[in-house]
Amino acid sequence: MRNVLITGGAGFIGANFTHYLSRTKPELRLCVVDALTYAGNIKSLESLIDAGRIAFFKGDICDQAFIERILRDQKIDTVVHFAAESHVDRSIRAPDIFLQTNIFGTQTLLKIAYKVWIQDGLCPEHRFHHISTDEVFGDLSLTDPPFTEETQYQPNSPYAASKAASDHLVRAYHKTFGLKVTTSNCSNNYGPYHFPEKLIPLCITNILRGLPLPVYGDGLNVRDWLHVEDHCRAIDLVLERGVVGETYNVGGNSEMNNITLVTTLCEKMDAVFAGNRGLAASYPECPPAKGKSCADLIHYVDDRLGHDRRYAILADKIRNELGFEPTLQLDQGLDLTIQWYLDHPEWWEPLLA
Ligand code: NAD
């Protein structure tokens, strides 16, 4: 691994991973490709671009000529593929772009990587790492055992179906063409640079602005939560020590239902405001600034169509084979995330203007 291409590096996990690699592996040359859709934010990478630490290329992963030029010109030997449409609600309202980016975009990257690295013989020692999700495995009841790498794919949303298709393409390029691939399927991430349409940043930013906190259905849908920094470390381990052709489940050992999560965030925000009287002046609409509780903002809404009840990950393989354990507990990770949003209004406020 010398010249790394990170796709979707201006998005949530991609930006965190770009910062992570920049910090932990100064010997690597880092290139980022991102189309800067609504979910991509160049500000997340600004410090790295200004420092000359990364080369940023704005463009679409579906554009074959663009991708081929970067692979050749930058002598890329490793692709870490994050770029995707990632929001389930949007995939229900408008699925087409999910198929285009997640399936055709992944196919384009695989095809060009095969052409440049193998057919043209430019990089026999390469790696294509594909970032996927636990949502490809479908729905669990509250008592079902968690997903393993052997669990049958049963995607239920257009988002999950498009990610499942991309996972299959990655596997096919390994089996058919010998491309050196790995895939990781991860549970819900949270942390810095997270676009405020997803549950945790939505709650934090809505609480600060005194806006309702929408909770789907009965609020009892369960997700497993992993701090993005732990996810970045897991991806790095798979890149360094993962076996080509294998898939790895990554989880946080932190299952929680949505209403408990939202209530926890409310309690934490109440406590943060109680401990820092100055915040009330900055966020006058926030309930504690008016002597109220953040939980007053909780508001149940109609359930999401096809809403999976529970996702859970058994992460034995990555623990036993690669030694990966999450280090941040959810409680501590939420505290850090709240603090990050308090410290960086210049990042999230313009997105909500
Ligand atoms: P995100 O929506 O925050 O970021 C996606 C990035 O991809 C954006 O910067 C966007 O501009 C870019 N992009 C979209 N279409 C593009 C295109 N055609 N060409 C180039 N760039 C394009 O997503 P995220 O939450 O950071 O997720 C990253 C990856 O991780 C996705 O593949 C997602 O399926 C997967 N994943 C996410 C989670 C999670 O909890 N967020 C969990 C498991 C897996």
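**Exercise 1.** In this predicted model, determine which polar contacts link the ligand to the protein, starting from a nitrogen atom of the ligand and the backbone of I61.

*Solution.* A nitrogen atom of the ligand lies 3.0 Å from a backbone N or O atom of I61, and since a polar contact requires a pair of N or O atoms within 3.5 Å, this pair qualifies. Turning to the oxygen atoms of the ligand, one is found 3.0 Å from a backbone N or O atom of F12, and an oxygen atom of the ligand is also 2.6 Å from an N or O atom in the side chain of D34. As for burial, the ligand taken alone exposes 840 Å², of which the protein buries 96%.

**Exercise 2.** Describe the shell around the ligand by its residues, their classes and the elements that supply them.

*Solution.* Begin with the count: the ligand is surrounded by 28 residues, the closest being I13, D34, S86, Y159 and K163. By class, the shell consists of 13 nonpolar, 12 polar and three charged residues. Next, assign residues to elements: helix 1 (12–24), strand 5 (127–133), helix 6 (158–177) and strand 7 (188–190) each give two or more residues, and strand 5 supplies the largest share, three residues.

**Exercise 3.** Classify the packing of helix 12 (residues 330–343) and helix 13 (residues 345–352).

*Solution.* The axes of helix 12 and helix 13 come within 6 Å and cross at roughly 75°; angles of 65 to 115 degrees count as roughly perpendicular, and helix 12 and helix 13 are therefore roughly perpendicular to each other. Helix 12 makes the contact through W340, Y341, L342 and D343, and helix 13 through P345, E346, W347 and W348. By class, this contact of helix 12 with helix 13 has six nonpolar, no polar and two charged residues.

Terms used. Residues numbered from 1 in each chain as written. Predicted model: local features only at pLDDT ≥ 70, side-chain atom pairs only at ≥ 80, totals over all residues. Heavy atoms only, no water. Near = heavy atom within 4 Å. Polar contact = N/O pair within 3.5 Å; in protein donor to acceptor, adjacent residues only side chain to side chain. Areas by Shrake-Rupley, 256 points an atom, 1.4 Å probe, with all protein chains shown as cover. Helix = DSSP H or I, 4+ residues; strand = E, 2+ residues; numbered from the N terminus. Nonpolar A, V, L, I, M, F, W, Y, C, P; charged D, E, K, R; others polar. Axes fitted to C-alpha atoms, helices over the stretch in contact; angles between N-to-C directions. Parallel < 35°, antiparallel > 145°, perpendicular 65-115°, else oblique. Contact = heavy atoms within 4.5 Å.
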